[in-house]
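Subject: A structure for you to look at

Hello,

Here is the structure I promised to pass on to you. Please open it and have a look around, and then read on for what I found in it.

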Amino acid sequence: MGTVIAVASGKGGTGKSSFCANIAVALCARGEKVLLIDTDAGLRSLDLILGMTNRVLFSYADVIEGNAGLKEAAVKHETVKNLRLLTAPATNRVFEREQIEALVQLAREHFTYTIIDCPAGMSDNVIDFCACADRAVVVSTPDHTSLRGGQKMGILMGEQGQQNVKIAVNRVRSSMINRGEAVNIDAAMDQAGLGLLGIVPEDKAIIACGNGGKLLAFEKKSPAWQAYFNIAGRIKGEKIRLLDSVPGRF
Ligand SMILES: Nc1ncnc2c1ncn2[C@@H]1O[C@H](COP(=O)(O)OP(=O)(O)OP(=O)(O)O)[C@@H](O)[C@H]1O
Ligand SMILES: [Mg+2]
């Protein structure tokens, strides 16, 4: 049985979709069979980040409603072996928790890892996806508003039965932390009240790749890619030190 991980945030634009796409690619690079589920109805972005826009026909709503099977609806990535994407419906749909649970269980049976990219905040089915997953990750930038949103998400997930929640701090700039202009990582963990899964540095390559439809994984020297690759290892249970695991201290 595979592991299902929901990725959420309080505030928008913290880097959840970038995190999901790159963690999925990194898990595939580490030999796993991965399903990505985009649950951001109307605003889906994983197909764009992964260069799969023209190939997506069915959504997770079609799987829940029986219009398509999981294998038919989950599109294979052209170059990343063992990566499939199940996208969100074009317009917002709200399902019962039992229906979300059934979808999550189906994914668990067919993939070693399923990564669920949630829209920001606690709307509609976000909490259902987070509650039904085996674990959850809150992605936050190192600023007070984003961290407070992350803390609220963590509390709400706990109330809904999801106790295994960690934080990934994204867009970290060591120079700003060193100058005392940004929240440092210990303070970020304290403020969010969550244990640390990993840190992703600010990296222009993420934006360039997103705009060019290119995979970050091809940018082997990208500090963010190295951070994602390390986080994927930690997700698999490998002991990879935080902070100083790669050059650049991420
Ligand atoms: N570590 C990073 N360094 C530089 N840019 C980043 C980083 N992470 C994300 N970005 C950029 O930030 C923007 C928002 O990222 P992304 O779409 O992944 O956020 P999101 O949390 O999924 O947003 P939303 O809440 O709208 O779904 C994108 O332009 C992305 O390229
Ligand atoms: Mg997103």
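Let me start with helix α11, which covers residues 223-235. At 1.5 Å a residue, its 13 residues should span 18 Å, and the end C-alpha atoms are indeed 18 Å apart, so the two values agree. Please keep in mind that this is a predicted model.

How much of α11 is covered? Ten of the 13 residues in α11 are buried, so to speak of the helix as mostly covered is fair by the cut-off of 20 or more other C-beta atoms within 10 Å. If you would like to find them, the buried residues are A224, W225, Q226, A227, Y228, F229, N230, I231, A232 and I235. What do they pack against? Their partners are α1, β7, β8 (195-201) and α10. Just after the helix you will come to G237, which takes a positive phi of about 95°.

**The protein as a whole**

Stepping back from α11, you will find eleven helices and eight strands in the protein. The C-alpha atoms fill a box of roughly 55 × 40 × 30 Å, taken along the principal axes. For 250 residues, a compact globule would have a radius of gyration near 18 Å; the protein has 17 Å, which agrees with that expectation. Of the 250 residues, 48% are buried. Contacts across the sequence are worth a look too: among those between residues at least 6 apart, 75% join residues at least 24 apart.

**The sheet**

In what order do the eight strands lie? They form an open sheet that reads β3-β4-β2-β5-β1-β6-β7-β8, with mixed pairing. Its edge strands are β3 and β8, each of which pairs on one side only.

It may help to walk through part of the sheet, beginning with β3 (residues 75-76). Two bridges join β3 to β4, and these strands run antiparallel. Here V75 stands opposite L85 in β4. The two strands make a hairpin with six residues between them, and N82 is found in that loop.

Strand β4 itself covers residues 83-86. L83 and L85 point one way from β4, while R84 and L86 point the other way, and all of them are buried. On to β2 (residues 34-38), which runs parallel to β4 and is joined to it by four bridges. In this pair, V34 stands opposite L83 of β4.

Further along the order is β6 (residues 135-140). Five of the six residues of β6 are buried, so this strand is largely enclosed by the rest of the structure. Strand β1 (residues 3-8) pairs with β6 in the parallel sense over four bridges, and V7 has V137 of β6 as its bridge partner. Five bridges join β6 to β7, again in a parallel run. There, the bridge partner of V137 is K166 in β7.

**Two residues with a positive phi**

Two residues that are not glycine deserve a moment of your time. N82 has a positive phi of about 70° although it is not a glycine. Is N82 buried or partly exposed? With 18 C-beta neighbours inside 10 Å, N82 counts as partly exposed, because a buried residue needs 20 or more.

R171 is not a glycine either, and its phi is positive at about 60°. You will find R171 in strand β7. It has 22 other C-beta atoms within 10 Å, so R171 is buried.

**Around ligand 1**

Finally, do look at ligand 1. Which residues come nearest to ligand 1? Of the 21 residues around it, they are G12, G15, K16, S17 and S18. By class, the shell has six nonpolar, ten polar and five charged residues. α1 (16-29), β7 (165-172) and α10 (204-212) each supply at least two residues of that shell. Those three elements also appear among the partners of the buried residues of α11, which brings us back to the helix at the start of this tour.

Have fun exploring, and do write back with any questions.

Best wishes

Definitions and conventions. Residues are numbered from 1 along each chain as its sequence is written. Chains are lettered from A and ligands numbered from 1 in the order in which they are written. This is a predicted model: local features need pLDDT of at least 70, side-chain atom pairs count only at pLDDT 80 or more; totals for chains, interfaces and linings use all residues. A residue is near a molecule or strand if its C-beta atom, placed from the backbone, lies within 6 Å of it. Ala, Val, Leu, Ile, Met, Phe, Trp, Tyr, Cys and Pro count as nonpolar, Asp, Glu, Lys and Arg as charged, and the others, Gly among them, as polar. A residue is buried if 20 or more other C-beta atoms lie within 10 Å of its own, exposed if 12 or fewer, and partly exposed in between; C-beta atoms are placed from the backbone. Two strands pair if DSSP finds at least two bridges between them. The radius of gyration is taken over C-alpha atoms; the globule rule is 2.2 Å times the number of residues to the power 0.38. Two residues are in contact if their C-beta atoms, placed from the backbone, lie within 7 Å. The expected span of a helix is 1.5 Å times one less than its number of residues.
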